[in-house]
Amino acid sequence: MTAVDARPEQATEIGRDRRRKEDARLITGRTRWTDNINLPGMLHLAMVRSPFAHARITGIDTSAAEDAEGVVTVLAAKDFDETLGVCINAWPITPDQKAPAHPPIANDRVTFAGEIVAVVAARSAAAARDAAEMVEVDYEELPAVVSLEEAVKDEVLAHPDLGTNKSALWVFDSAQAGTGGNVDEAIASARDDGIVIERTYRQQRLIPAFMEPRSVVCDPTGEQITVWSATQIPHILRFAFAATTGVPESKIRVIAPDVGGGFGGKLQQTPEEMLVFSIARRLGKPVKYTETRSESLLSAHHGRDQIQKLTLSATKDGQVTGLKVELDANLGAYVAIVGGGVPVLGAFMFNAIYKFPAYQFNCQTVFTNTTWTDAYRGAGRPEATYAIERLMDELAAEVGVDPLEIREKNWITHEEFPFTTVAGLTYDSGNYEAATAKAKEMFGYDELRREQAERRANNDPVQLGIGVSTFTEMCGLAPSRVLGSLDYGAGGWEHAQVRLTPTGKVEVITGASAHGQGHETAFSQIVADRLGVPFEDVEVLHGDTQIAAKGYDTYGSRSLVVGGEALVRAADKVLEKAKPIAAHLLEASVDDLEFTGGRWTVRGTDQGMSIGELSTAVFAAHNLPDGVEANLDSEATFDPENFNFPHGTHLCAMEVDTETGQVKMRKYVCCDDIGNIINPLIVAGQVHGGLVQGIAQALWEDAVYDDAGTLVSGSFVDYLLPTAADTISFDIDHTTSPATTNTLGTKGVGEAGTIASTPAVVNAVVDALRPLGVHDVTMPCTPERVWRAINEGSAGGETTGAAAAHFDPSTGMSGNVDRTEGDVQ
Amino acid sequence: MIPASFDYVAPTTVEEALAALAQYGDEAKIIAGGQSLLPVLRMRLNAPEWVIDLGRIDSLKGVRDEGDSILIGAMTRHCDVATDPLVAEHAALVARATATVADEQVRHRGTFGGALAHADPAGDLGAPALALGAEFVIAGPAGERVVPGAEFFQGLFETAVSEDELLTGVRIPKHTGWTAHYEKFVRVAHQWPICAVGATLKVSGGVIEGAAIGLTNMGATPLRASGVEQALVGQQATEEVVHSAAALAADGVEPPSDLNGDADYRRHLVTVLTRRAITQALGG
């Protein structure tokens, strides 16, 4: 055994551009993804899914499938009992919320196209897929309600037994809450003598489209049932298995191995996980299910899908006086794990960085016969930010001033922090003036405005627009007490443990479960600084309930601001435990010890001892003080007192070809204030990726159903995901107002780019066209919509009436239909 | 994404391939790069009993000089067509259009003949081939026959190649000295074109002596904009001439409607893109 020398005193790890430890294995694929796992005797599942959005199942004939080669069994709902469990609704936002039971496999009725009606278990994935094609299901079609606009009319019902499509109405009113005035009075007053802006915006439905399709393996052969799943939430999944199947939690081990992206899309307890768990137990053999890309797009949860009716009141010179939000949110066919509450995460963010004296938020959640919706990067906050940032541009246009000027007139100034908003949140820190000044300078704001004026004057067929988004968001989910007050079915603390090995290496265990974020690197940097050990000597372990026994997993930009703080506290406890032992071994008084650069030294002497040497000594335990345990390992659970409020100023220049409606990004600049930064390289990655995801909502992505409830954009031919070829190089920078609610002073960055960029892009497109009488373009801003906005003065209207897929996705699931004619080469 | 099971045969000569076709008939699909066929198989939109792979027939690969024309072998990959010196010199429009097909990976797998025989109306190669007066060389049990573009493209995914035949190559009359531009309109880079226009021109002393204009995704088959061509030929290459000629591009087209735009929008778009394609071909 050799003790490791303490790291030489030099620049701290925090703030360094460390290359990510995990990238070599993630990029080369030399790692364990769930679908790589192959166990002896393992069986494979294939799902039979409904091609209809709403239908009664009148018969299922599995006989041909059962006889097929390699098939072990074919099961339908009737073959399962209550041990199958159910998909849980963990966020009943109101006491009277309507939520139909959500079985993992449809019983006598299917409620969206893609719902599972039967499942095949076979010796190979190919055999299972072949046999799934042979299962004959008889359906009696029922009227389907697909769009939000139709669903709120309650004429066609997604679940006839419920008697309504309306699930819950959630209201926040500042007058009632005592956080502000009466919004109706503010609006009435502005109608008499002020400005009232009324707009309706559509948040189109999006598909998370993570890189790794979902996959789950269950091995029931040990004392503990082991489940591997490509999930963001191994701990919550274990809880859900135990809570709904009757298997004790102590008998379940859930592992999220390396997981290839989630963006909220893997924050779910899925029907497929429940079926794999149940069938593995039933057959006593390991079972695997990996979804196809088509299945992923069709039946993994979707995001967004809201219609926002907004009323903003202001004085004639543009001082905001009130904001009223009436929001309809499409739940899809069921209330997903936190899907019911996603719009509520936006409730506190419509007022954003502005000092609204009065505010009201009304959210109606609604069922339709579509794939259920749930968290997607930003979850509720991008929708809110889009609405307010679009409205502030509209207000600026109405007043006739620059959009930045109207924002400055209304925002919270840096002297006013901490600031309690009209929605009742207390923003701890920020400096909107500083971020905006820096962004303007990076952007060359005045120069671009000059160019815009020239192009307008010259009637240039390519017009230039400048879009502003001065966003903030609430993240770092979350204070458990606040979550409780919102009827959220879980807490928001995070857990960490720091263990020292006999050779002086450090194992860090976190309850946050990374799926691409770079926790291993960032957390190693934090611990390396705290304990004074080399970055390379820190190993971060996570995503396995047997190793990381406690945790609330990764979503809502919480890992660093909650999990990172838990880690700091655990590391500090290690040092507290170590100090008396170090004093004992150095034969000095505790009061004479100093800890710097990973070493305890006795003040005024050259005597010292590194943490590595100390952990070796504790392992041997030959010479410890009386009554002291031979253990330096420590753990901590941190529950924040408040959310975390990153902010930033994003500026976007878009060129709009008025002849074709084509839009092209010219420049994108952002200055984000995310507090102290642990690893600038990881931050840059998060910002760049987040920006593209938000830009994609503005310009490209749209999950479209036809009137019958078939997902038309069911492949990447029709669901347009951007690639690097479609984006430009972004200019990013930061201002720093450290958060006051964690000792690292950090703020979440996982969702910031996505939240901020969507309105910046659309504001820029609209800004380019405002002289042509355009004041809105519906997302995504397709060339056709932009062209129609220019030529018809509308927001571009709908294209769904003309929906047609390049490949027909409905048949990929439901049979062997040859739809191509002629030679396919 | 597992295709239904199929048997696979990889002949090394055209004769063997024809024999395989004769044997398996309508139970077979030909794979010629597989960039459209594989997604269709994997999504189980089609489930042939046999897949006949032309990838090992070397005689179908490469570009040959045939005097007044060049012959592009059906199994020549897009990346090879796009960089071939004969194609660049004598059929510049084909080179330009081929360079825009899908993405780098697809261009290294997909083939010229495969794409044309697939006859996807949104495919980039049909309109340039048609505009250049390409002849399609088809081998069958009765020997070789040659059909012009107007007969080759018969409808949506339908060509003159019958079940027992193979497209072996495409003969393109030399358009030496013609300038060319392929104006492709997409929302994201890897997408099929919403609409595209290929223009290639022969200009001498400021006068347009020859013009060939092809339209992509403006109907069930690639289209040739003859009206536009006629309005250009013999005229001075001026902005006015180009504008008024391009305005004719939507005559007689029947474009599709989909998520990227309805037919009316495409009818408008094609006139703008035609003007731009011609202008670019004229040197901007």
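Modeller: A residue is called buried if 20 or more other C-beta atoms lie within 10 Å of its own, exposed if 12 or fewer, and partly exposed in between, with C-beta atoms placed from the backbone. We're looking at a predicted model, where local features need pLDDT of at least 70 and side-chain atom pairs count only at pLDDT 80 or more, while totals for chains, interfaces and linings use all residues. Residues are numbered from 1 along each chain as its sequence is written, with chains lettered from A and ligands numbered from 1 in the order in which they are written.

Colleague: OK, what makes helix 3 of chain A largely enclosed by the rest of the structure?

Modeller: Six of its eight residues are buried, so helix 3 of chain A earns that description. The buried ones are A127(A), A128(A), R129(A), D130(A), A131(A) and A132(A). They pack against strand 1, helix 2 (63–67), strand 3 and strand 5 of chain A. By helix I mean a DSSP run of H or I with at least four residues, and by strand an E run of at least two, numbered from the N terminus.

Colleague: And how does helix 3 of chain A run relative to strand 1 of chain A?

Modeller: Helix 3 (residues 125–132) lies across strands 1, 3 and 5 of chain A, at about 25 degrees to strand 1. Axes are lines fitted to C-alpha atoms, for helices over the stretch in contact, and angles between N-to-C directions run from 0 to 180 degrees.

Colleague: Which strands sit at the edges of that seven-stranded sheet, and what makes them edges?

Modeller: The order is 3-5-1-12-9-10-11 in an open sheet of chain A with mixed pairing. Strand 3 (71–76) and strand 11 (252–255) of chain A each pair on one side only. Pairing takes at least two DSSP bridges between two strands. Strand 1 (residues 43–49) and strand 5 (residues 116–122) of chain A have six, in the antiparallel sense, with L45(A) opposite A121(A).

Colleague: Why are helix 11 and helix 12 of chain A called roughly perpendicular?

Modeller: Helix 11 (residues 381–399) and helix 12 (residues 403–410) of chain A pack at about 105 degrees, axes 8 Å apart. Angles of 65 to 115 degrees count as roughly perpendicular, under 35 as roughly parallel, over 145 as roughly antiparallel, and the rest as oblique. The pair therefore counts as roughly perpendicular.

Colleague: How do you know which residues of these two helices meet?

Modeller: Contact means C-beta atoms, placed from the backbone, within 7 Å. Among those meeting are M392(A) and V399(A) from helix 11, and P403(A) and I406(A) from helix 12 of chain A.

Colleague: Why does G518(A) count as buried?

Modeller: G518(A) has 25 C-beta neighbours inside 10 Å, so it clears the cut-off. This glycine is in the loop between strand 20 (506–510) and helix 16 (519–531) of chain A. Leaving out residues up to four places away in sequence, G518(A) touches R20(A), E22(A) and I682(A). E22(A) is 496 residues away in sequence, yet 7.0 Å away C-alpha to C-alpha.

Colleague: Last one: what makes chain A as compact as a globular protein of its length?

Modeller: Its radius of gyration is 28 Å, close to the 28 Å the globule rule gives for 825 residues, so chain A matches. That radius is taken over C-alpha atoms, and the rule is 2.2 Å times the number of residues to the power 0.38. Chain A has 22 helices and 28 strands, and 59% of its 825 residues are buried.
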